Amino acid sequence: MSTPVIEISGVKKVYRMGETEVFALRGVDLTVGAGELLAVMGSSGSGKSTLMNILGCLDIPTAGSYVLDGVRVDGMSRNDLADLRNRKLGFVFQGFNLLPRTTAVENVELPLLYDRTGRWTNSRQLAADALERVGLGARLEHQPSELSGGQQQRVAIARALVTQPTLLLADEPTGNLDSRTSIEVMALFQALNEQGITVIIVTHEPDIAQYAHRVIEVRDGQIIHDHSVAAPRSAATDVMAMDVEAAELTAGVTKEAA
Ligand code: ADP
Ligand code: MG
């Protein structure tokens, strides 16, 4: 395998709820190499989001070790974790999480403005470039309410990309989208992955997981399956096939009507 981007070992997470303890992760080992496109599957409550939050340095495990892109994460301070997140990670969520009444380009620019290192100059141009990259170069000044769900998720993906992350983490990114739009979003993830970004996508839909190169399944806080996919489906090809089918259907309808 290529250089690991993620190496976790013996990761456990226990949530305390008053008197009771919830064992969300019960000892997870996972290595993800640079350039992988990984799908994390599992039913609701199995621990997928807990795992993603730990991989994303948004939450700290109760036990276990974590090395992210060569950096030892466990034991780091909150501030150092925040810096690491800004430098290496991009996040995409099911609900898009865009600021309302704020244009697409402003939404995408935000992570650059929040960055404390001051390493970004010309943030507006970088945000516009990121939107161009996700096919929204003509929608810079649109507010979320003026965009479709799929377009809003593209804005969110541009926002995740704008800091040039090593790793993109997406928790149920197609959960609020219809099936065609979901496949379009998967085509975008596949394209970004081909450009070199490591991508981890949580989904409980097998149709979505078939676009990944590797699928792991989480059950009751543990990884119970881990397999690579020899020939993943191409989401771009599937979108094109849907267009052809729609065109043929329309042509058929027109012919019958004539
Ligand atoms: P999934 O994303 O697979 O649906 P989660 O990782 O969200 O699963 O949840 C795993 C388990 O941990 C569930 O039993 C859930 O109720 C519990 N859990 C998740 N987050 C918290 C929290 N902040 N406090 C207490 N329990 C939690
Ligand atoms: Mg979840």
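**Exercise 1. Strand β3 and its partners**

Which residue in β9 does Leu38 stand opposite? Work outward from there to place β3 in its sheet.

*Solution.*
Step 1. Leu38 stands opposite Arg214 in β9. This is a predicted model.
Step 2. Take the pairing on that side. β3 and β9 are joined by 4 bridges and pair in the parallel sense.
Step 3. Turn to β8, residues 198-202. Here too the strands run parallel, with 4 bridges to β3. Leu37 has Val199 of β8 opposite.
Step 4. Check burial. β3 spans residues 37-41, and 5 of its 5 residues are buried.
Step 5. Sort the side chains by direction. Leu37, Ala39 and Met41 point one way, while Leu38 and Val40 point the other way. Both sets are buried.

**Exercise 2. The whole sheet**

Give the strand order, find the edges and describe the pairing at the β10 end.

*Solution.*
Step 1. Write the order: β6-β7-β8-β3-β9-β10. These 6 strands make an open sheet with mixed pairing.
Step 2. Name the edges. β6 (89-93) and β10 (222-228) each pair on one side only.
Step 3. Add the twist. On average, neighbouring strands are turned by 15° against each other, direction ignored.
Step 4. Recall the two senses of pairing. Strands of a sheet pair through backbone hydrogen bonds, either parallel or antiparallel.
Step 5. Apply this to β9 (residues 214-219) and β10. They run antiparallel and share 6 bridges. Within this part of the sheet, Val218 has Ile223 in β10 as its bridge partner.
Step 6. Place a helix on the sheet. α5 lies across β6 and β7 (167-171), at about 165° to β6.

**Exercise 3. Helix α3 and Leu112**

Why does Leu112 count as buried? Then list what surrounds this residue and its helix.

*Solution.*
Step 1. Locate the residue. Leu112 is found in helix α3.
Step 2. Count neighbours. Leu112 has 20 C-beta neighbours inside 10 Å, so this residue counts as buried. The cut-off is 20 or more.
Step 3. List the contacts, leaving aside neighbours within four places in sequence. They are Trp120, Ser123, Leu126, Ala127, Val162 and Thr163.
Step 4. Look at one pair. Leu112 and Thr163 are 51 residues apart in sequence, yet 6.7 Å apart in space, C-alpha to C-alpha.
Step 5. Widen to the helix. α3 covers residues 104-114, and its buried residues include Ala104, Val105, Asn107 and Val108. Glu109 and Pro111 are also among them.
Step 6. Find the packing partners. The buried residues of α3 pack against α4 (123-133) and α5 (149-161).

**Exercise 4. The nonpolar core**

Which residues have the most contacts inside the largest nonpolar core? Trace the contacts of one.

*Solution.*
Step 1. The core has 68 residues, and Leu131 and Ala158 have the most contacts inside it.
Step 2. Take Leu131, again leaving aside neighbours within four places in sequence. Its contacts include Ala104, Val105 and Val108.
Step 3. Continue the list. Leu136, Gly137, Arg139, Leu140 and Ala158 are also in contact with Leu131.

**Exercise 5. The shell around ligand 1**

Which element gives the most residues to the shell around ligand 1? Describe the shell by element and by class.

*Solution.*
Step 1. List residues around the ligand. Among them are Tyr15, Met17, Val22, Ala24, Lys48, Ser49 and Thr50. The others include Gly42, Ser44 and Gly45.
Step 2. Assign elements. β1 (4-17), β2 (20-33) and α1 (48-55) give two or more residues each.
Step 3. Pick the top contributor. α1 gives the most, with 3 residues.
Step 4. Classify. The shell has 4 nonpolar, 7 polar and 1 charged residues.

Methods:
Residues numbered from 1 in each chain as written. Chains lettered and ligands numbered in written order. Predicted model: local features only at pLDDT ≥ 70, side-chain atom pairs only at ≥ 80, totals over all residues. Near = placed C-beta within 6 Å. Nonpolar A, V, L, I, M, F, W, Y, C, P; charged D, E, K, R; others polar. Core = buried A, V, L, I, M, F, W, Y, C linked by C-beta atoms within 7 Å. Buried ≥ 20, exposed ≤ 12 C-beta atoms within 10 Å, placed from the backbone. Contact = placed C-beta atoms within 7 Å. Pairing = 2+ DSSP bridges. Axes fitted to C-alpha atoms, helices over the stretch in contact; angles between N-to-C directions.
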